[in-house]
Amino acid sequence: QDGKHWAMVLKLAFQSIGVVYGDIGTSPLYVYASVFSDGIHHHDDILGVLSLIFYTLTLIPLLKYVFIILRANDNGDGGTFALYSLICRYAKVGLVPNQEVEDREVSNYRLPHAGDHRFKRASYLKSILEKSNFAKMLLLLATMLGTSMLIGDGVLTPCISVLSAVGGIKEATPNLTQDWIVWISVLILVLLFMVQRFGTGKVGYTFAPILCIWFAFIAVIGAYNIFKHDPSVLKALNPIYIVYYFRRNKLRAWISLGGVILCTTGAEALFADVGHFSVRSIQISMCTAVYLPLLLSYAGQASYLRQHQLDVGDAFYRAIPGPLYWPMFVVAVLAAIIASQSLISGTFSIIQQSLALGCFPRVKVVHTSSKHAGQVYVPEMNYLLMLSCIALTLLFRDTIKIGNAYGIAVVFVMVLSSAYLVLIMIMIWKVHFAFIVAYVVTIGAVELIYLSSVLYKFDQGGYLPLAFASVLMGIMYTWHDVYRRKYFFELKNKISPEKIKEMLLPEEKEAVTRLAGVAIFYSELVHGIPPIFEHYLRNVGAVHSVLVFVSIKSLPVSRVPPEERFLFRRVQPEELRVFRCVARYGYMDAVRKEEEEAFERLLMRGLREFLGEEAEAEMVGKAAEYKVVHLIGEHDVVAGGGSRAWKRVLIDYVYSFLKRNLRGSNKVLDIPHDRMIKVGMVYQL
C-alpha cells in the first residue's frame, strides 16, 4: 500500500509541475526589467536586488506557502475559501443561520482540540467574531476580495507571460513590429483557453514535460552565466547587500520592490491548486524541481548584468548563449502558455467553492476527472477570462502597465491569506504565541512593505486589478445578499408542522388528493417547510402520496462522505407521510449529471433506512418504484414596498439581470426534464 501511495504522490508531483508552477517559473522573463525600469544606477544594485529576490522567494513561496499555509488546507483543498471555511467551521461567523448540531458529527467537520492556556485565547477571539456582525461581514467581504483578486490574476498572468515570451523574438528578428507580437500573443491565448475543456489532468500531463525542460534550461543557463561572467554574485546570499541597496537608493529602492515581488507571482496557485493534487506532491515538486532552478536563473541574469548593465530590459534573452537561443525561445513561449494554466485552474476551483457558499451566480461546473474530484472546468468563466485577456493584451500592448497591475493583485492575495492564517493559528491550531509573533514580524511585515510599494504605482496600471475586483465583488455581494434575504424570507414565512397537518388532513373541508408516487420538493431552507409549498397546494390541490422536502446545504468543509450525505426528519403525524431531508455537500462536492439517478436512488434508500422496519418503509418503496417527480421552486424576487432606492436597484435590476442571463437551478442540479415541475412564486424582500 505504501508503494502505491508514493507512486500516486510522485505521479501527482509530476502533474503539478505542468499546472501549478508555470506562473512562478516564467517570472525570470520580466522581473529584472520591472525592477530596473529606469536603468541600473550602481554596479552593486544588482547584488542588492538579487539578495531581495533570494530572500523573498525563500520566505514567501517556499516557507509560507509550501511549509506553512499548505497545512491549512481544508481536507485536501486550498484557496481563500478553504481558509474562510475553516474559520466558519470553528466559529459561527456565517451570515446564513442554517447550522445544525448534527453537522458537527460529519467526519470531515471535526477540528483539533486543546486544553491549555492557548484554548482561552482561541475562545476569546472566537467570542469576538461570533458577537460582531461587522466582523462577520468583514470576513465575508475580505474573502470575496481575495477571490476576485485571484480571478484577476487569472486574467493578468496570460497577458504578461505570453507577451514577455513572444517579445523575445525581437532579439532574432528586430524588424518584427509590436503589432505582430501582440496578435501572435492573442492567437496563443485563444488556443490556450480552448484546450481547458479537456481537464486539468490531461493538461497537466501535456504541460509537465515542457515545464521540466524549461526548469532544466534555466538552471543550466543560469549556472553557465554565473561561472562565465561574475561568480561573485553568489555573495548576494548575504542580506547586508539589501541594506546597502536601500541606503544608496532610498525611495527608488522602495519603489523597485513592486518589481521584485513579481518573482513570487503564482505563489498563491501553490495553495489554490492543492485540491487538484495533494500537499505532499506540491511540497516534493517545489523542493526538487522548481526552487533551485529559479535561484540559478536569477543569479545567472545578475551575473550577466554585472558585465552588461545596458541590457537590463532584455536580460533574460540577452543572457542566453547563441546556439541555445532558438530552442530556449520555443520553450519560453510554451512555458509562458503554461504559466497561465496555474491561475486558470485555481480560478475554476474557487468559482466552484464560491457557488457552494452562495457567493457566486449559478454557472456550470464540469468535473473532468473521475479520480480527483478537485479537477473541474467552468465553461462560462473560461470564456470570460479569454475575452478579458484578449482585451487587456490589445489595450496595453506591452508588459509595463500590466506588470504594475500584476503586482497589486499578487500582494493583496498574499496579505489576505496571511491575515486568515493568523486567525487559524490562534483559533484552530492554537500554536504558541511566540510563533505567531515571529510569523507576523517576518513574513507578515515583508508582505505589508511590498503592498505599500505596489500601491505607489496605482495610477500606472495598478488600478486595473482593483477595478476588476470591484466589479466581481459587486456581483458576488449582490448574489449573496439576495440569497441571504431569500433565506430569511423563507425562514420567517416557513410552514409550521401544525399548518402542514391542517393543509393535508383538514377536518372541516374536503381532503387534499394524494397521488401515487414520491414528490421531491427542493428548497434552500434547512429548518422547516418553505412557503412555496402552500402556494403550490393552493393552486394545484393535489400532492403525491409521499412528500420529501430536500434542502441542498453546503457545509464549511471541502467534501462530505456519501454515507453521511443525508439527514432525515419526519413531520408528524406519521399518516402525513411527509419528510424533511438535508442533503449535505462540501464546497468541492457537486450533484453531477451522470450521478443524478444515483442521487435519487441514494435518497430513497436513505429514507427507507431511516424508516427501518416500519410498515411505512414498504409503502415508500412502492411509491418510489411507481414514480418520482422533482418540484423546483422558481422564485422571482422584488424589493418590498417602502424599500430604499439602493435596495431596489440591487434586487430589481442587478440581481434580476444576473438571474435572467445565467443558468436556472434545474440546469445546475441537472434534474431530468421529463420528471420536473417548476413552481413559481414572488418573494417581496
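Lys250 is exposed, at a relative accessible area of 57%; on this scale exposed means over 50%, buried means under 20%, and partly exposed is whatever falls in between (1.4 Å probe, protein chains only). Lys250 turns up in the loop between α10 (240–249) and α11 (251–260). Helices and strands here are DSSP runs (H or I of at least four residues for helices, E of at least two for strands), numbered from the N terminus. The backbone of Lys250 is a bit unexpected too: phi is near 50°, a positive value in a residue other than glycine.

A quick word on the ground rules. This is a predicted model, in which local features need pLDDT of at least 70 and side-chain atom pairs count only at pLDDT 80 or more, while totals for chains, interfaces and linings use all residues. Residues are numbered from 1 along each chain as its sequence is written, and side-chain values use heavy atoms, with hydrogens and water left out.

Now for the overall picture. The protein has 25 helices and 8 strands, and 60% of its 685 residues count as buried. Contact means heavy atoms within 4.5 Å. Taking contacts between residues at least 6 apart in sequence, 85% join residues at least 24 apart.

Next come the aromatic rings. A pair of aromatic rings is described by the distance of the centres and the angle of the planes. Rings of Phe, Tyr and Trp (its six-membered ring) pair if their centres lie within 6.5 Å, and the pair is stacked if the planes are under 30 degrees apart, edge-to-face if over 60, and tilted for the rest. Searching the whole structure gives 18 aromatic pairs. One of them is Tyr317 with Phe329, a tilted pair with 6.3 Å from centre to centre and 50° between the planes. This pair links distant parts of the chain, with Tyr317 in helix α14 (residues 315–318) and Phe329 in helix α15 (residues 325–356), 12 residues apart. Both Tyr317 and Phe329 are buried. Phe329 has another partner in Tyr325: their ring centres are 6.3 Å apart and their planes are at 15°, so this pair is stacked. Tyr325 and Phe329 are 4 residues apart in helix α15, which means that about one helical turn separates them. Tyr325 is buried, just as Phe329 is. Step back a little and a cluster appears, with ring pairs linking Trp214, Phe316, Tyr317, Tyr325, Trp326 and Phe329.

Rings can also have a charge sitting over them, which here requires NZ of Lys or CZ of Arg within 6 Å of the ring centre and within 35 degrees of the ring normal. Lys126 does this with Tyr90, lying over the face of the ring at 5.0 Å from its centre. Arg565 has its charged end over the ring of Tyr585, 4.1 Å from the centre.

On to helix packing. Two packed helices are described by the angle between their axes and the distance between the axes. Helix α7 (residues 133–167) packs against helix α19 (residues 463–492) at an angle of about 135°, and their axes are 8 Å apart. The axes are lines fitted to C-alpha atoms, for helices over the stretch in contact, and angles run from 0 to 180 degrees between N-to-C directions. Angles under 35 degrees count as roughly parallel, over 145 as roughly antiparallel, 65 to 115 as roughly perpendicular and the rest as oblique; α7 and α19 are therefore oblique to each other. Among the residues making the contact are Met137, Leu141 and Met144 of α7, along with Leu464, Phe468 and Tyr477 of α19. Helix α19 also holds Thr478, which counts as buried at 4% relative accessibility. Leaving out neighbours within four places in sequence, Thr478 is in contact with Leu650, Val654 and Tyr655.

Just a few local details remain. In the loop between β5 (566–571) and β6 (578–585) lies Pro573, and the peptide bond from Gln572 to Pro573 is cis, with omega near 0°. Arg577 is also placed in the loop between β5 and β6. Arg577 has a positive phi of about 55° although it is not a glycine, and it counts as partly exposed at 24% relative accessibility. Finally, Met676 is found in strand β8 (residues 676–684) and is buried, with a relative accessible area of 17%. Met676 and Ile632 are 44 residues apart in sequence, with 7.3 Å between their C-alpha atoms.
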